[in-house]
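Reader: I'm new to this one. Could you walk me through it and tell me how each label is earned?

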Amino acid sequence: MTSSSVWVISGPSAVGKGTVCARLRALHPEPFYSISMTTRAPRPGEIPGESYHFVSVDEFCQLIEDGELLEWAQVHGNYYGTPRQPVVDSVAHGRPVVLEIDLQGARQVKKNLPEAKLIFLSPPSWDELVSRLRGRGTETEATMARRLETARGELAQAHEADHVIVNVAIEETVDALVSLMSL
């Protein structure tokens, strides 16, 4: 990877953003991989400070008020956001940046950093997305229904992205990302 761009990897819940980004990071540790903040509780296996920065709603609202977030959104009842300063510092030093965020956040990043490139990960099929979400085993039926409703809307807006990659197999998806980011 040689670009000093900001790359935003987005897509619906359960499309595999986290898995793909973890593999990308293992193969290519040189970019700055932003760690998002959230007010939701950690899922099994998530590590505070590595998976997310887990903060209270009050802390998150203070960060919004202080302008400390590059983007933020309330999604499925929780806040998510990207700390601004580490991204700005990385760009200033010519280091590529990878952000893994939802479509709402990706739109804000494009507004704040027009040079950012949005890569939308799409599932191979709707049924596969549903299967992946159910396979997590971390969602209630109501939460799954809400996430799937959001996913339908996000999939309909995939054309907003600079690039769309169908996430069929992790290695193929990562290879496609590396190819794009090496431009």
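Author: Sure, here are some questions and answers about the whole chain and then one residue. Keep in mind that this is a predicted model.

Reader: What makes up the secondary structure of the chain?

Author: Seven helices and nine strands.

Reader: How do you know whether the chain is compact or spread out?

Author: By its radius of gyration. A compact globule of 183 residues would come out near 16 Å, and the chain has 16 Å, so the value agrees with a compact globule. Along the principal axes, the C-alpha trace spans about 45 × 40 × 30 Å.

Reader: How much of the chain is buried, and how much area does the chain expose?

Author: Buried residues account for 46% of the 183. The chain exposes about 9000 Å², with 52% of that supplied by carbon and sulfur atoms.

Reader: What share of contacts joins residues at least 24 apart?

Author: That's 68%, counted among contacts between residues at least 6 apart in sequence.

Reader: What about positive and negative side chains?

Author: There are 17 positive and 24 negative ones, and the centres of the two sets lie 3 Å apart.

Reader: Where does A14 lie?

Author: A14 sits in the loop between strand 1 (6–10) and helix 1 (17–27).

Reader: Why is A14 called buried?

Author: Buried means under 20% relative accessible area. A14 has 10% relative accessibility, so A14 counts as buried.

Reader: What makes the phi of A14 worth a look?

Author: Phi of A14 is near 75°, a positive value in a residue other than glycine. Most residues other than glycine have a negative phi.

Key: Residues are numbered from 1 along each chain as its sequence is written. This is a predicted model: local features need pLDDT of at least 70, side-chain atom pairs count only at pLDDT 80 or more; totals for chains, interfaces and linings use all residues. Side-chain values use heavy atoms; hydrogens and water are left out. Helices (H or I, at least four residues) and strands (E, at least two) are DSSP runs, numbered from the N terminus. The radius of gyration is taken over C-alpha atoms; the globule rule is 2.2 Å times the number of residues to the power 0.38. Buried means under 20% relative accessible area, exposed over 50%, partly exposed in between (1.4 Å probe, protein chains only). Contact means heavy atoms within 4.5 Å. Accessible areas come from the Shrake-Rupley method with a 1.4 Å probe; for residues, only the protein chains shown count as cover. Lys and Arg count as positive and Asp and Glu as negative; His and the chain ends are not counted. The place of a charge is taken as NZ of Lys, CZ of Arg, CG of Asp or CD of Glu.
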